[in-house]
Amino acid sequence: MIKHLVMFKFKNSPDKFEIAREIKKELESLVNVIECLKSMEVHINTLTVQGQAHEDYDLVLIGTFNNMDDVHSYAVNPHHLKVVDKIKENAISRSAIDYEI
């Protein structure tokens with residue numbers, strides 16, 4: 001099994017929390033439409049929720065896959081790419097790691 005962990009930092013804006021919440025909802029819905037995605041957890045930083053300025057990442061996703069081939073299939077899936085476009089419009093930074101469990 002592979003865990004795919006990605007963190008995003010969004011542009012500072014008055015609606016940053018709303019944007020993070022929308023993206024969270026869209027990411028969580030992918031588990032229902034992408035078969036190779038076994039589970040998806042998405043969390044928003046508590047400081048972002050509270051509207052506090054901070055330098056940390058705003059959102060983290062943790063996806064579970066059977067293998068790296070499935071991670072690659074997920075990466076090019078049209079449903080995933082639609083969410084990626086929205087993230088790219090709002091993110092200023094991204095970090096990721098894939099690891100075996």
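Buried here means under 20% relative accessible area, and by that cut-off 38% of the 101 residues in the protein chain are buried. Keep in mind as you look around that this is a predicted model.

Start with the whole chain in cartoon view. You should find 4 helices and 4 strands, arranged from the N terminus as β-α-β-α-β-α-α-β. The radius of gyration is 13 Å, close to the 13 Å that the globule rule gives for 101 residues, so the chain is as compact as a globular protein of that length. Its C-alpha trace spans about 40 × 25 × 20 Å along the principal axes.

Next, select the strands. They form an open sheet of 4 in the order β2-β3-β1-β4, with antiparallel pairing. Colour β2 (39-44) and β4 (91-100) to pick out the edges, where each strand pairs on one side only. From one strand to the next, the twist averages 15 degrees.

Now zoom in on β1 (residues 2-10) and β3 (residues 59-65), an antiparallel pair joined over 7 bridges. Show L5 as sticks and look across to β3: I62 stands opposite.

Bring the helices back, beginning with α1 (residues 16-29). This helix packs on the sheet and touches β1, β2 and β3; its direction makes about 175 degrees with that of β2. Then move to α4 (residues 78-90), which lies across β1 and β4 and runs at about 130 degrees to β4.

Finish by switching on the surface. The chain exposes about 6000 Å², with carbon and sulfur atoms supplying 52% of that area. For a last look at the contacts, take those between residues at least 6 apart in sequence: 74% join residues at least 24 apart.

How values were computed. Residues are numbered from 1 along each chain as its sequence is written. This is a predicted model: local features need pLDDT of at least 70, side-chain atom pairs count only at pLDDT 80 or more; totals for chains, interfaces and linings use all residues. Side-chain values use heavy atoms; hydrogens and water are left out. Two strands pair if DSSP finds at least two bridges between them. Helices (H or I, at least four residues) and strands (E, at least two) are DSSP runs, numbered from the N terminus. Axes are lines fitted to C-alpha atoms, for helices over the stretch in contact, and angles run from 0 to 180 degrees between N-to-C directions. Contact means heavy atoms within 4.5 Å. The radius of gyration is taken over C-alpha atoms; the globule rule is 2.2 Å times the number of residues to the power 0.38. Buried means under 20% relative accessible area, exposed over 50%, partly exposed in between (1.4 Å probe, protein chains only). Accessible areas come from the Shrake-Rupley method with a 1.4 Å probe; for residues, only the protein chains shown count as cover.
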